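Please open the model in your viewer and keep the sequence panel beside it. The tour below moves from one selection to the next and says what can be found at each stop.

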Amino acid sequence: MALLVLSMTIGCSKEAAHPANAPAQAVPQPAPKQNNSAIPVGPGPQGTYTVQAQPAPGSCHYRKTAAGEPLPDPACTPGALNPTVTAANLADTICKSGYTASIRPNSNITGREKTENIKSYGYNGDPRDGEYDHLISLELGGDPNDARNLWVEPPSPGHKDGAGPNNPKDGVESKLHTLICDGKVALSDAQVAIATDWTTALATVGFPAGK
């Protein structure tokens, strides 16, 4: 039963409503400072998603920051980009209300992937506390179902066992999304920053306090 509950705990932060969401008006973008070409490119949104094979059991290893925040194994989870999201079409993709919901895989798919990813990472916490997370979130142009962009994210330090996911990474993603759609941060800069270390991503793009 625990794994059944676990399978419903998936995804990443939801896109925030944003005044720049009108598809008819382009979203201004500053000159990028980072090249995201080193990040793998996934297959992009699919009409029908299939369960993706996960890394071999025990082959992935969590990292931790000095503060104890969890980071994924860069060999297993380097992130993967959604090829249909570009700096030129933000108003019609990630800055458009409802976009991420329209491309998010069904929990019947991600729930089964998550069960296997638990084995990949050797996650041994309460299953209800692990979030099957897009490293580069959908609202930042991450691929919806590429195994390289998904990992079982453990809860942050101080979390009460069994209380469900409560990951501050989601808030970082939402702030980066706002900065992109406000034209303050380039899409590629945000993608590189979140894939490298979500705990320093806002500072990396020059907005340590968020917006």
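Begin by selecting Cys95 and Cys181 and showing their side chains: the torsion about their S-S bond is about -95°, so this disulfide is left-handed. The bond joins distant parts of the chain, since Cys95 sits in the loop between β2 and α2 while Cys181 belongs to helix α4, 86 residues apart. The two sulfur atoms lie 1.9 Å from each other, and both Cys95 and Cys181 are buried. Please keep in mind throughout that this is a predicted model.

**The whole chain**

Now zoom out and colour the protein chain by secondary structure, which comes to six helices and four strands. Following the ribbon along the sequence, you will meet these elements in the order α-β-β-α-α-β-β-α-α-α. Of the 211 residues in the protein chain, 49% are buried. If you switch on a surface, the accessible area of the protein chain comes to about 9400 Å², and carbon and sulfur atoms account for 56% of it. Among the contacts between residues at least 6 apart in sequence, 79% join residues that are at least 24 apart.

**The other disulfide**

The structure holds two disulfides, and the next selection is the pair Cys60 and Cys76, whose sulfur atoms are 2.1 Å apart. This pair also links distant parts of the chain, with Cys60 in the loop between α1 (2-7) and β1 (63-64) and Cys76 in the loop between β2 (70-71) and α2 (99-103), 16 residues apart. The link of Cys60 and Cys76 is left-handed, with -100° about the S-S bond. Is Cys60 buried or exposed? Cys60 counts as buried because its relative accessible area is 2%, under the 20% cut-off for that word, and Cys76 is likewise buried, with a value of 11%. Counting the bonded cysteines along the protein chain, the disulfides follow the pattern 1-2, 3-4.

**Helix α4**

Select residues 169-181 next, which make up helix α4; its 13 residues reach 19 Å from the first C-alpha to the last, close to the 18 Å expected at 1.5 Å a residue. Which residues of α4 are buried? They are Lys169, Val172, Glu173, Leu176, His177, Thr178, Leu179, Ile180 and Cys181. An α-helix has 3.6 residues a turn, so residues three or four places apart point the same way. To see what surrounds this helix, add β3 (131-134), β4 (150-153), α5 (187-196) and α6 (201-204) to the selection, as the buried residues of α4 pack against these elements. Just after α4, look at the backbone of Gly183, which takes a positive phi of about 75°.

**The nonpolar cores**

Three residues of α4 return at the next stop, for Val172, Leu176 and Ile180, together with Leu90, Ile94, Ile136 and Ile194, touch the most other members of the largest nonpolar core, which has 37 residues. The elements that give two or more residues to this core are α2, α3 (107-121), α4, α5 and α6, and the largest share, six residues, comes from α5. Centre the view on Ile136 and show its surroundings: leaving aside residues up to four places away in sequence, Ile136 touches Ile39, Gly79, Ala80, Leu81, Gly141, Gly142, Asn149, Gln191, Ile194 and Ala195. A second, separate core of five residues can be selected afterwards, and among its members are Ile118, Tyr123, Tyr132 and Val152.

**The aromatic pairs**

For the last stop, turn to the rings, where the structure holds three aromatic pairs. Select Tyr62 and Tyr121, whose ring centres are 4.6 Å apart and whose planes meet at 25°, so the pair is stacked. Tyr62 lies in the loop between α1 and β1 and Tyr121 in helix α3, 59 residues apart, and the pair therefore links distant parts of the chain. Tyr62 is partly exposed, with a relative accessible area of 26%, whereas Tyr121 is buried, with 5%. Add Trp151 to the selection, and you will find that Tyr121 and Trp151 form a tilted pair, 6.4 Å from centre to centre and with 55° between the planes. Because Tyr121 lies in helix α3 and Trp151 in strand β4, this pair ties together parts that are 30 residues apart in sequence. Trp151 is buried, as Tyr121 is. With Tyr62, Tyr121 and Trp151 shown together, the tour ends on a cluster linked by ring pairs.

Technical notes
Residues numbered from 1 in each chain as written. Predicted model: local features only at pLDDT ≥ 70, side-chain atom pairs only at ≥ 80, totals over all residues. Heavy atoms only, no water. Expected span 1.5 Å × (residues − 1). Buried < 20%, exposed > 50% of the residue type's maximum accessible area, 1.4 Å probe, protein only. Contact = heavy atoms within 4.5 Å. Disulfide = S-S within 2.5 Å. Areas by Shrake-Rupley, 256 points an atom, 1.4 Å probe, with all protein chains shown as cover. Core = buried A, V, L, I, M, F, W, Y, C linked by side-chain atoms within 4.5 Å. Phe/Tyr/Trp six-rings, centres within 6.5 Å; stacked < 30°, edge-to-face > 60°.
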